[in-house]
2 protein chains.
Amino acid sequence: MQSYTEENYLKTIYHLAEKTINVQTNAIAEQMQTKPASVTDMIKKLADKGLVDYIKYQGVTLTETGKNTAIDIVRKHRLWEVFLVDKLNFKWDEVHDVAEELEHIKSIELIERLDEFLGFPKADPHGDPIPDKNGRFAKTQFIKLIELTIGDQGTITGVTQHSSAFLKHLEKLGLTLGKKIQISDVTDFDGSVEILLSDKQVNISREVAKHILISSNGKN
Amino acid sequence: MQSYTEENYLKTIYHLAEKTINVQTNAIAEQMQTKPASVTDMIKKLADKGLVDYIKYQGVTLTETGKNTAIDIVRKHRLWEVFLVDKLNFKWDEVHDVAEELEHIKSIELIERLDEFLGFPKADPHGDPIPDKNGRFAKTQFIKLIELTIGDQGTITGVTQHSSAFLKHLEKLGLTLGKKIQISDVTDFDGSVEILLSDKQVNISREVAKHILISSNGKN
DNA sequence: AAAAATTTTTAGATTTACCTAAAAATAAAA
DNA sequence: TTTTATTTTTAGGTAAATCTAAAAATTTTT
């Protein structure tokens, strides 16, 4: 059984490990809004519990057990987000903080039943995949919108930026999950992308395009 | 903003205050499964925060602020219980522990929306009243089943005992919320009560009868 | 490869919520 | 009204998670 805090460390390490193999102390500290010294303390504790492998000055990796625990927290977080949006009518930019608390409620039965109540969703309101109760993710293949070229079409199926500002911006442009789009132009000057969205033209910056995930249907 | 633990103390004091005016240190300790010395520490802290009035050796009472905070936690607890039973199909004897955790999630918006999603319920699965967002309880008038006499009829609307054993027992006898009953006999020997429950005869002990609340329709 | 910069760890404190053991206050019994 | 019993508080200590400041290891630069 892990404490609330230990769970948050595991989750943070899990997410950081998606980008680098060995997760560094400073990276964890920044992500968790704490100091490196505190991270070192906690890492030792997690290592003692067999949840991470740790070599001094070399950063950490999750053990099998640690990874499973982390995935379970991610599962809870994303299921609660679906609940908040689908059942309680929260907007996709409003759910993160509450889910951050709900993810620590520790009843297996609760999550099983919630999963069923929600119809076993495969993705959360931002398109992030929800692992099943065995920790397995459904295979999905996304392309970043920025990688598409003129004429390509597809469906918006996720975002890689979860800030409220970004999500509100997309909402205002009408770029929400499930919308079908086609690339009509890419500006040479600033790399901004012109999108055809149900007969409406929308222009998005290169920065925005980087953070939208598309399930591609290939060329028109 | 109160800690998880402070909230639990306030809730416990609130419930104990339903029976006695001044709540004693030992009573709190027993209820919270902790030691009297720890209770004294916490009481001082709550007094400093203006949540309880405290005179050494004389026990505590909640201040207005303390009481409002406690009622808010009770509201959350009971709304989550309704959610668990109505939406996730938990049994009424399975919900307490999970609600005990959920009640500490601290988003006002969440509770407002949950309340609405559940159709603004007035009572939880055990018949306990749910205060509205202003902390007001709907007026209800219950009679303990034990106080009824032969011929009296009414509807089961609550219980004053929440143990899983008790609730499972009632369930097995068919004595669940909303059921209409009539007293057909009261045994002199042991005070046990004979009940007519939709043409079925059920006998319950005096001890059980004490903990069932009836909204009475008066004599037949 | 030595110097400088960065990252990480150690050492020693702090805060919260708890504990035990002993002292003090209050209540009950003789 | 003493004595006894009970309740409550104080004093001093522990564990978890944090902190700051300084030391140690690693990496980068010159």
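1. In this predicted model, the side chain of A:Lys56 places an N or O atom 2.6 Å from a phosphate oxygen of DNA strand C. Chain B also reaches a phosphate oxygen of DNA strand C, here through a backbone N or O atom of B:Lys35 at 3.2 Å. A contact with a base is found at B:Asp41, whose side chain has an N or O atom 3.0 Å from a base nitrogen of DNA strand C.

2. As to the elements involved, those that give two or more residues to the surface near DNA strand C are helix H2 (25-31) and helix H3 (36-48) of chain A, together with helix H1 (4-16) and helix H3 (36-48) of chain B. The most is given by H3(B), with five residues.

3. There are 21 residues around DNA strand C, and those that come nearest are A:Lys44, A:Tyr54, A:Lys56, B:Ser38 and B:Lys45. On the DNA side, 79% of the atoms of strand C that come within 4 Å of the protein belong to sugar and phosphate. Sorted by class, the surface near DNA strand C holds eight nonpolar, eight polar and five charged residues.

4. The two protein chains also touch one another. Chain A and chain B each bring 20 residues to their contact. Together they bury about 1700 Å², of which 73% lies on carbon and sulfur atoms. On the side of chain B, the residues B:Leu88, B:Glu101 and B:Arg113 supply 33% of the area buried against chain A, more than any other three residues.

5. Which polar features cross the interface of chain B and chain A? The rule finds six residue pairs in polar contact, both residues being at pLDDT 80 or more. It also finds two salt bridges across this interface. In a salt bridge between A:Glu101 and B:Lys106, the side chains meet at 3.5 Å, N to O.

6. Three helices of chain B, namely H4 (64-87), H5 (96-102) and H6 (108-117), are the elements that give two or more residues to the side that touches chain A. The largest share, five residues, comes from H6(B). By class, this side of chain B consists of eleven nonpolar, three polar and six charged residues.

7. For a reader new to the structure, two elements of chain B may serve as starting points. H3(B) is the element that gives the most to the surface near DNA strand C, and H6(B) has the largest share of the side of chain B that touches chain A.

Technical notes. Residues numbered from 1 in each chain as written. Chains lettered and ligands numbered in written order. Predicted model: local features only at pLDDT ≥ 70, side-chain atom pairs only at ≥ 80, totals over all residues. Heavy atoms only, no water. Contact = heavy atoms within 4.5 Å. Buried area = accessible area lost by both parts, 1.4 Å probe. Salt bridge = Lys/Arg side-chain N within 4 Å of Asp/Glu carboxyl O. Polar contact = N/O pair within 3.5 Å; in protein donor to acceptor, adjacent residues only side chain to side chain. Helix = DSSP H or I, 4+ residues; strand = E, 2+ residues; numbered from the N terminus. Nonpolar A, V, L, I, M, F, W, Y, C, P; charged D, E, K, R; others polar. Near = heavy atom within 4 Å.
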